[in-house]
Amino acid sequence: AIALATLGAVAFRRGRTGDGLAFAIGLACGAMFFARTLGSALAEPTSIGWLLHEDWAQHYSGWAMFRHAPWHWPPGLMPEIWYPVGTSIVYTDSLPLLALALKPFSAWLPEPFQYIGFWLATSCALQGGFAALLVARFRREPAIVLIASALFVFAPVLLSRIGHDTLTAHWLVLAAFWLYFREQRLRTIALQALPWWLLAAIAALVHPYLAAMTLAIQAAFGWKSARIDRDASSRSALAAFAGSIAISFLAWWASGSMIIPARDAAGGVAYGKYSTNLASLVDPMHFSRWLPDIGILPGQYEGFAYLGVGMIVLGLVVLLDLARNRFRDGIDRASLPLAVVAAALFLFAAGGVVAIGPHVLLDAPIRGPVLGLFRSSGRFVWVPYYALMLWIVVRATYRLGASVAAAVLAVVLIVQIADFSDTHARTARLRLSANDAPAGTLLDDPRWRDLAAGRKHLTLLPPSACGSAAGPYLPFVLLAAEQRLTVNAGYLARWDMRATGRYCESLGKELRAGEWSADDLYVVGAAWKAAFLRGAPEARCERLNDYDACVIGPAITP
């Protein structure tokens, strides 16, 4: 808050904001949002209790295994989870960008160590920073830049993704918008393409959906550069775009995205199940204090795109003003490519299963490896969502003086914050449990460590992939990470279904034949226990934390 006040004072003294100052103001605004809404305690690297549930548990446990595992090729490969089939750091959603960067330094990092809180803080700060840069492209007045960047930081679509840390990097979309609208005046294709290539590499190592969105925005930029601005040839624009695609594929290969066969790309889910609703812009889905839910189909929460009461009212005012002027200058020619791409992505986001509220207009889910890559198609609504927000903010201040425009945006911001206040309060409770692990997520009986000593594998009989699991994945993945064991369980976004099926079949044969190993620490479920003991009468079993832990003979040590 002090930094923001200081930056604001500097900006008001100058009377306008340059790019550097605007970015700093936005960063401070986003950082203050993180501290206010989530709490700085979450950024403490050794605080993991709040992470041990839902999607965060998957992301943290994947990193906990990856940091101690030996390097494989490609670097993101991780055969130690879902053993012996294996997976990669991509499919545990453990933010490959930071996982790959920090793994070489794992020996010097504390135990435990998490970067999810840091990433949430970074995403909030960069959301504000790039929003301020983007708005400053159209209005340089300090108050407008500050308040408009706060509107983007308080966007409900960002807050709705706090539970999935890699998907909070909406600043990548805003950064792509900024590159789209920035003034060029660059003489070489390399200088023009370099920031797009950097953005492509970062986005590909954060999340494939965000990478696809930034590539789509770059395609619009290439169209604009070659056909509207005429500051680049079609060939050079195509070369720059091809470079971004190549970089993205290289990053995906390095992080292990390509280890899953194409037939399993959709994970058994049809394109259309996780679409966006045509009423998503005005359906709060429990986020609003004032507006009731319209109702959506199951799975369409992925396409959440509520604008908020303040932005909805401001948008209606803008539309009425444009209608009065017969929609002259509604979208300028330079913005046309981005508007077309945003509209196309909205159609893709709503495709397959199309509905307005609970009313289905089209029910045609599509199964296939290509569309299945982006089965949660509703997420692509973020590009048109932020494009619409930008258009509303810019058009609303288009004919207003600086003071009036700032006052209008300030009222909208206050209404937005009030509209989401209950959601902010629920989110803020995270800080109260920053070091409290949910019951049952940690195996605290010291006998686990004694039984694991000298062994190589932690084997659930059966794991969830092969039937009624002997136990939840999380406590055993964390134990395997601590004891440097492989584990045949996990929580993955995608997996090789045929290879997993073959493993389950072989595990069943081992159960019937009694072929067990002294290298394994077995966790035996009730359904398999009798058969296990018949085939391994020499097994020593103990009841630890309400699980049956069994070993065959002494551990085999080198």
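Start by selecting Arg447, which is partly exposed at 30% relative accessibility. For that label, the cut-offs go like this: buried is under 20% relative accessible area, exposed is over 50%, and partly exposed is in between, using a 1.4 Å probe and protein chains only. Before you click on, note that this is a predicted model, where local features need pLDDT of at least 70, side-chain atom pairs count only at pLDDT 80 or more, and totals for chains, interfaces and linings use all residues. Residues are numbered from 1 along each chain as its sequence is written, and side-chain values use heavy atoms, with hydrogens and water left out.

Now add Asp450 to your selection. Its side chain meets that of Arg447 in a salt bridge, 3.4 Å from N to O. (A salt bridge here is a side-chain nitrogen of Lys or Arg within 4 Å of a carboxyl oxygen of Asp or Glu.) The two are about one helical turn apart, because they sit 3 residues apart in helix 18, residues 447-452. Helices (H or I, at least four residues) and strands (E, at least two) are DSSP runs, numbered from the N terminus. Asp450 is partly exposed too, at 47%.

Next, pick Asp496 and Arg263. They form a salt bridge as well, with the closest N and O atoms 3.4 Å apart. This one links distant parts of the chain, 233 residues apart: Asp496 is in the loop between strand 6 (486-487) and helix 20 (497-513), while Arg263 is in the loop between helix 11 (234-255) and helix 12 (309-324). Asp496 is buried at 15%, whereas Arg263 is partly exposed at 44%.

For a salt-bridge network, select Arg161, Glu302 and Arg379, which are linked together. Across the whole structure, a search finds 15 salt bridges.

Time for a strand. Show strand 7, residues 520-524: 5 of its 5 residues are buried. Which residues lie on each face of strand 7? Asp520, Tyr522 and Val524 are on one side, with Leu521 and Val523 on the other.

Bring in the neighbours. Strand 5 (residues 457-461) pairs with strand 7 in the parallel sense over 5 bridges; to count as paired, two strands need at least two bridges found by DSSP. Look for His457, whose bridge partner in strand 7 is Asp520. Strand 9 (residues 547-551) pairs with strand 7 in the antiparallel sense over 4 bridges, and there Val551 stands opposite Leu521.

While you're around strand 9, select Asp548 and Arg543. They share a salt bridge, 3.1 Å between the closest N and O atoms. Asp548 is buried at 10%, but Arg543 is exposed at 53%.

Now colour the cysteines. How many disulfides does a search of the whole structure find? There are 2, a disulfide being a pair of cysteine sulfur atoms within 2.5 Å.

- Cys541 and Cys550 are joined with 2.0 Å from S to S. The link is right-handed, at 110° about the S-S bond. Cys550 is buried at 1%, and Cys541 is partly exposed at 33%.
- Cys466 and Cys504 have sulfur atoms 2.0 Å apart. Cys466 is in the loop between strand 5 and helix 19 (473-483) and Cys504 is in helix 20, so this disulfide ties together parts 38 residues apart in sequence. The link is left-handed, at -75° about the S-S bond.

Last stop: Cys124. Its sulfur is 10 Å from the closest cysteine sulfur, in Cys29, which is too far for a bond. Cys124 is buried at 3%, and Cys29 is buried at 7%.
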